[in-house]
Amino acid sequence: MTDHPDLTKLAKPFPASMVQEKPGSFKAKYVAHARVVEKLLWVVGPYNYEITQLIKSPDGIVEGCIGQLTVEIDGRVSVISEVGDVEENASAKNNGARAKEAASDAFKRCAMRLGVGLDLWVNGTPVLHGALCSDELPDPVEEDSGDVA
């Protein structure tokens, strides 16, 4: 068994009942923002998350942000920064709603870098959780195309 119990819990795939699929042609799988928050709080307790930069168009419309998540996992403090964006069809929203959407996207991307929901991003069979449970990384089953949600 691994000496990374927090990471093992974070990497455990979400139950199928919590996984949703975005409408449209892309069909990306996702879990609700609140489920990611619950998992982080359950496994590691309090954490810090902040928006370090809002990204705006020349017209002042919020298009995205850079979020930073600071969390202690298995006795090590990790600081993860990620970019979050606003869905293309969100043009009618105000800047506050757009910033909130971008912040949620960046937060979930930061959490993914810590293993939370990573199975939803993997093309093929996710291996991290199983590898952490067995201390052995299996051979890849199929090649990952590198696409990200």
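Tutor: Buried means under 20% relative accessible area, exposed over 50%, and partly exposed in between (1.4 Å probe, protein chains only). This is a predicted model, in which local features need pLDDT of at least 70 and side-chain atom pairs pLDDT 80 or more, while totals for chains, interfaces and linings use all residues. Residues are numbered from 1 along each chain as its sequence is written, and side-chain values use heavy atoms, without hydrogens or water.

Student: What share of the residues in the protein is buried?

Tutor: The protein has 149 residues. Of these, the buried ones make up 33%.

Student: What pattern do the helices and strands follow along the sequence?

Tutor: Both are DSSP runs numbered from the N terminus (helices H or I, at least four residues; strands E, at least two). The protein has five helices and five strands. Read along the sequence, they give α-β-β-α-β-β-β-α-α-α.

Student: Which strands are at the edges of the open sheet?

Tutor: Strands pair if DSSP finds at least two bridges between them. Three strands form this sheet, in the order E3-E4-E5 and with antiparallel pairing. An edge strand pairs on one side only, which is the case for E3 (48-56) and E5 (76-85).

Student: Which residue in E5 is the bridge partner of Leu-69?

Tutor: Strand E4 covers residues 62-73 and runs antiparallel to E5, with ten bridges joining the two. In E5, the bridge partner of Leu-69 is Ile-80.

Student: Which element gives the most residues to the largest nonpolar core?

Tutor: Such a core is a set of buried Ala, Val, Leu, Ile, Met, Phe, Trp, Tyr and Cys residues joined through side-chain atoms within 4.5 Å. The largest one has 20 residues, and those with the most contacts (heavy atoms within 4.5 Å) inside it include Leu-10, Val-36 and Leu-114. Helix H2 (33-44), E4, H3 and helix H4 (118-121) each give two or more residues to this core. With five residues, the most is given by H2.

Student: How many residues are in the other core that lies apart from it?

Tutor: Among the residues of that other core are Cys-65, Val-86, Ala-103 and Ala-106. Its residues number five.

Student: Which residues make up the aromatic cluster?

Tutor: Rings of Phe, Tyr and Trp (its six-membered ring) pair if their centres lie within 6.5 Å; planes under 30 degrees apart count as stacked, over 60 as edge-to-face and the rest as tilted. The structure holds two aromatic pairs. One of them is tilted, 5.8 Å centre to centre with 35 degrees between the planes, and joins Tyr-47 to Phe-107; the other is edge-to-face, 5.0 Å and 80 degrees, and joins Tyr-49 to Phe-107. The cluster is therefore Tyr-47, Tyr-49 and Phe-107.

Student: Is Phe-107 buried or exposed?

Tutor: Tyr-47, at 25% relative accessibility, counts as partly exposed, and Tyr-49, at 22%, also counts as partly exposed. Phe-107 has a relative accessible area of 2%, so this residue is buried.

Student: How many residues apart in sequence are the parts that the pair of Tyr-49 and Phe-107 ties together?

Tutor: Tyr-47 lies in the loop between H2 and E3, so its pair with Phe-107 of helix H3 ties together parts 60 residues apart. Helix H3 itself (residues 95-112) lies across E3, E4 and E5. Tyr-49 lies in strand E3 and Phe-107 in H3, so their separation in sequence is 58 residues.

Technical notes:
Axes fitted to C-alpha atoms, helices over the stretch in contact; angles between N-to-C directions.
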